[in-house]
Amino acid sequence: MNIQQRLQEEFHLRESQVENVLKLIDEGNTIPFIARYRKELTGSLDDQVLRELSDRLAYLRGLEKRAGEIRSSIDAQGKLTPELAAAVEKAATLAELEDLYRPYKQKRRTRASVAREKGLEPLAAALLEQRRGFQPLEEAAAFVTGPDTPPELAVETPEDALQGAKDIIAEDVSDRADLRKKLRSLLEREGVLSAKPTEGADPDGVYKMYYDFSEPLPKLAGHRILALDRGEREGVLKVSLTADLLKAKGLIIRELVRGNGPAQECVRDACGDSFDRLIFPSLERELRAALTERAAGQAIRVFSANLRQLLMQPPVKGTVTLGLDPAYRTGCKIAVVDSTGKVLDTAVVYPTPPQNKTREAAAKLTALIKAHGVTAIAIGNGTASRESEAFVAELIKELDQPVGYMIVSEAGASVYSASKLAAEEFPQFDVSLRSAVSIARRLQDPLAELVKIDPKSIGVGQYQHDMPKAQLDEALGGVVEGCVNQVGVDLNTASHSLLARVAGVSGAVARNIVLYREENGAFRSRKELLKVSKLGPKAFQQCAGFLRVSGGVEPLDGTGVHPESYGAARELIRICGYSETDVKEGRLIDIRKRAEELGLSRLCQELELGEPTVRDMVEELAKPGRDPRDELPKPLLRSDVLELKDLKRGMELKGTVRNIVDFGAFVDIGVHEDGLVHISQICDRYIRHPLEVLNVGDVVTVWVLEADLKRRRIALTMKGAPD
């Protein structure tokens, strides 16, 4: 197996690209570092493609390793033929490999193995010859044993001998890789997954729509597969794979049976038994597992895309923010944080039932808003959120200064608030006050705050708790790492949670960075990182470009220019007619224009660098420390409130996309419940998935189709006002 060639073909890449990526990965470079600082070698492949390529590389290497183990095992048995070795070499999947290995695997005791022990293999071979005039029972009589035979080897009647021979044929048929491949392909094309309720299932339960369900495998949507799997696990659904069994058996019979006669009838019976007892149950398990794997892969991709969009939502910068964690009996916890996230004040108010101390709460919040210059309020979307929102909306109408509010997802906030990390960060606050701080900070900088929380708890996926944990953790971890490194991290203010997501920085090294900062004060340069315990030259190479030091001894430390390119960057600055003072005072704003006038090809030649690196360098110098999130639309801050009963068909509203799933998007329109825009209502043209046109955090215009007060469900459309 030529892994490099296969990757070239699958990813449609040049030989040099794949060769370079494989070398960079094998040298221990991280994906963010390769994507950002080795563009010439990779042909500017982005981090998502590089991660997919890395995952596929791991799979193919695992496949190659397994193929080697199988070849060695078969060879040790003295059964490795050139044809079999070639088939093992060509196998494209683990399933194909295991099919080839199946006849040579050590099996547990089976009906066929018992028959072989009784010496019935020659009878099975004679049956398969299907000679004219062959009389199975007469031939089988020769295999009946005498009274002195041990019981475990005894064959009492010709019928017993014949059955044993058929058992051997059935197992041999089930072990044939070519037949399994054809049958697997047939079932994949024509199989149907069906579901029925189990006895005692709730007639109006959550799985009601699957009580009489049937759909061809090729058409099965991933979210339906996962719902069926969960319903089956919970004992509510009985799920089965059905197919045209006659057609499937006919495929085997055509392969093995020649003509008609007593021997052919025995072989035909053995083929049917092989399919019913051995092949179909095995393929059903395999195909169900493959369906689940496919659905999980799709769900993980959707979750990853949603998470990326959520983390990359633009921060609400430069605002003093009031975080409000709603509650009933225990009161709403309040935390005011400044523009850097530092806690300025805390309080507890009781504007919700049963206390309903709205006047007192309004006075306290008004005082906090005026005292600290609050311009944004973040309200958690948990218990009592609707009442808290109504209270805040009324409050800000009475203020003589502009204040907006936004409902912020609390998903994972309680997990973070009760964590060891939160206790270390805010030892003086109880759990609920920590949650209020987290809610405020989520509005200010979603990325910096959400990295502290297990991605599975953030609430932008579907069936995330049904996913393979290792696969989900790896995918989501890659997304968080990619986002953190794309934005960059301030070395002197970042929490250890944020630092731990920087390329090349482990959790232990992140803690050492924070410890060094606490003991020695702010970092004055990137080079100083090399003094941090356990942060060696390789880790420095991987992480340095993503860590920023503002106001330090080296002006370039505040940019995304990698230290390895500082010499080239200074030469670029000189060629463009700037001085060191210009760099220190941030007067390189016209460097793009000067670079264009000089010509990119000339600059590349003089600097002896590739075009992607020079382009990135110019961008970084023109706008040092730029945040890619600043280019996105700002979050929608509200000043009024709606209730479900206020919604009317055709009403036009502005909303924020909160979650995207296979069948549509959930949009926050300022009501306690998010409304669903079904995939068919997103746009006029056909789309395969909502992610083609929507992102988490998008501000969209929607119209109300239906508001179901009883079930508290809202149906929305983005295609214009309904008739």
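1. Helix α13, spanning residues 222-233, lies across the three strands β1, β2 and β3 of this predicted model, and its direction makes an angle of about 125 degrees with that of β3.

2. The sheet beneath this description is an open one of three strands, arranged in the order β2-β1-β3 with antiparallel pairing. Because β2 (213-216) and β3 (237-242) each have a single partner strand, they stand at the edges, and one side of each is left without a neighbour in the sheet. From one strand to the next the twist averages 15 degrees.

3. As for the pairing of β1 with β2, strand β1 covers residues 192-197 and is joined to the antiparallel β2 by four bridges. Within this part of the sheet, L193 is found opposite E215 of β2.

4. Turning to the aromatic residues, the model contains seven aromatic pairs. One of them is formed by Y210 and F213, whose rings meet edge-to-face, with 5.3 Å from centre to centre and 70 degrees between the planes. Both Y210 and F213 are buried, and F213 is also where the range given for strand β2 (213-216) begins.

5. Another aromatic pair, that of F275 and F280, is tilted, the planes being 40 degrees apart and the centres 5.5 Å from each other. Are these two residues buried or exposed? F275 counts as buried because its relative accessibility is 0%, and F280, with a relative accessible area of 13%, is buried as well, since the cut-off for that class is under 20%.

6. A further grouping of aromatic residues deserves a mention, namely the one aromatic cluster that is formed by F33, Y37 and F546.

7. Charged side chains also meet aromatic rings in this model, as two cases show. The charged end of R594 sits over the ring of Y578, at 4.0 Å from the ring centre, while the charged end of K357 sits over the ring of Y350, at 5.7 Å from the centre of that ring.

8. Finally, which residues does N512 touch, when those up to four places away in sequence are not counted? N512, which lies in helix α24 (residues 507-520), touches V532, S533 and K534. The relative accessible area of N512 is 19%, and the residue is therefore classed as buried, although a reviewer may wish to note that the cut-off is under 20%.

Terms used: Residues numbered from 1 in each chain as written. Predicted model: local features only at pLDDT ≥ 70, side-chain atom pairs only at ≥ 80, totals over all residues. Heavy atoms only, no water. Phe/Tyr/Trp six-rings, centres within 6.5 Å; stacked < 30°, edge-to-face > 60°. Buried < 20%, exposed > 50% of the residue type's maximum accessible area, 1.4 Å probe, protein only. Lys NZ or Arg CZ within 6 Å of the ring centre and 35° of its normal. Helix = DSSP H or I, 4+ residues; strand = E, 2+ residues; numbered from the N terminus. Contact = heavy atoms within 4.5 Å. Pairing = 2+ DSSP bridges. Axes fitted to C-alpha atoms, helices over the stretch in contact; angles between N-to-C directions.
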